[in-house]
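This report asks the reader to keep the sequence and the model side by side. It takes up charged pairs, then the chain as a whole, then rings and surface.

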Amino acid sequence: MIALVALGVVGSITTARMFLSSSAPPAPATGQQIASANGPKPAMRRTASGKFVKATEPRLDPTLDLDLLRQNEQIKYAGNARNIFVAGSEPIEVVKKSPVVDPGPVGPPPTPPPPPINLKFFGFASKTGEPKKIFLSSGEDIFIASEGDIVNRRYRVLRISPAAVDIEDVLNNNRQSIPLTQG
């Protein structure tokens with residue numbers, strides 16, 4: 001019974017030490033402690049980041065090597081005219097231009113023609129003593145107008161004749177004669 005009590009006391013003390021020692025951070029090992037713990041090793045040195053490397057490895061020297069910089073400055077980038085910012089782009093072929101004869105003075109580009117008037121003249125009506133009226137269509141819309149009227153908030157009827165009607169596009173200042181459509 002005494003042996004069991006003594007064993008329980010030793011176990012509780014060991015358990016308590018284990019929990020108390022794990023809360024404190026372990027002391028960092030030095031290079032000599034590592035070498036002595038694992039037996040004799042080749043010369044080791046500690047880098048700036050704290051890692052151990054073999055002393056036989058070349059040491060990274062943080063000083064500026066001016067000779068190496070001068071060698072790199074002499075290199076000229078010739079390139080191959082490829083767009084380095086687009087993956088898989090093909091090299092651009094340089095086209096040599098032949099001498100060009102001067103075409104003369106270059107002016108502003110010509111203005112595009114105004115859009116056509118999309119009205120159809122399909123009939124007219126006239127009563128004695130009243131002005132002539134015409135029937136115009138634009139798609140499914142039908143308009144009845146006389147000379148001087150504005151149709152579809154854009155077109156002014158200028159002159160009505162038996163075979164055609166003259167219409168002006170007031171937005172583009174475009175005049176067009178629309179013939180009478182049969183059928």
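## A salt bridge within helix H3

Aspartate 67 and arginine 70 are both part of helix H3, where a spacing of 3 residues places them about one turn of the helix apart. In this predicted model, their side chains meet in a salt bridge with an N to O distance of 2.9 Å. Arginine 70 has a relative accessibility of 45% and therefore counts as partly exposed, since that class covers values between the 20% limit for buried residues and the 50% limit for exposed ones.

The pair is one of 4 salt bridges in the structure. Side chains of opposite charge can pair when their charged atoms come close.

## Salt bridges that involve strand S8

A second bridge joins the side chains of aspartate 169 and arginine 154, at 3.0 Å from N to O. Aspartate 169 belongs to strand S8, whereas arginine 154 sits in the loop between strand S6 (150–151) and strand S7 (155–160), so this pair ties together parts that are 15 residues apart in sequence. With a relative accessible area of 1%, aspartate 169 is buried, while arginine 154, at 25%, is partly exposed.

Glutamate 168 also lies in strand S8, which spans residues 164–169, and the side chain of glutamate 168 meets that of arginine 156 in a salt bridge of 4.0 Å, N to O. Because glutamate 168 is in strand S8 and arginine 156 in strand S7, the pair ties together parts that are 12 residues apart in sequence. The distance deserves care, because the cut-off for a salt bridge is itself set at 4 Å. Here too a buried acid meets a partly exposed base: glutamate 168 has a relative accessibility of 10%, and arginine 156 has one of 32%.

Which residues surround glutamate 168, leaving aside its neighbours within four places in sequence? Its contacts of this kind are Arg154, Tyr155, Arg156, Leu158, Asn173, Asn174 and Arg175, a list that includes arginine 154, the partner of aspartate 169 in the bridge described above.

## The chain as a whole

The chain contains 3 helices and 9 strands, and along the sequence these elements follow the pattern α-α-β-β-α-β-β-β-β-β-β-β. Of its 183 residues, 14% count as buried, and both acidic residues discussed for strand S8, aspartate 169 and glutamate 168, are in that class.

The accessible surface of the chain amounts to about 15,900 Å², and carbon and sulfur atoms account for 60% of that area. When contacts are restricted to residues at least 6 apart in sequence, 23% of them join residues at least 24 apart.

## Rings and a nonpolar surface patch

The structure holds 2 aromatic pairs, and a pair of this kind is described by the distance of the ring centres and the angle of the planes. A charged side chain is also placed against a ring, since lysine 132 lies over the face of phenylalanine 124, at 6.0 Å from the ring centre; the limit for this arrangement is likewise 6 Å.

On the surface, Tyr77, Ile84, Phe85 and Val86 form a nonpolar patch that has about 540 Å² of accessible area together. Tyrosine 77 is located in the loop between helix H3 (66–73) and strand S3 (120–125). Is tyrosine 77 buried or exposed? Its relative accessibility is 70%, so tyrosine 77 counts as exposed, the limit for that class being over 50%.

Key
Residues numbered from 1 in each chain as written. Predicted model: local features only at pLDDT ≥ 70, side-chain atom pairs only at ≥ 80, totals over all residues. Heavy atoms only, no water. Patch = residues over 30% accessible without salt bridge, like charges linked within 9 Å, V, L, I, M, F, W, Y side chains within 5 Å. Areas by Shrake-Rupley, 256 points an atom, 1.4 Å probe, with all protein chains shown as cover. Helix = DSSP H or I, 4+ residues; strand = E, 2+ residues; numbered from the N terminus. Buried < 20%, exposed > 50% of the residue type's maximum accessible area, 1.4 Å probe, protein only. Phe/Tyr/Trp six-rings, centres within 6.5 Å; stacked < 30°, edge-to-face > 60°. Lys NZ or Arg CZ within 6 Å of the ring centre and 35° of its normal. Contact = heavy atoms within 4.5 Å.
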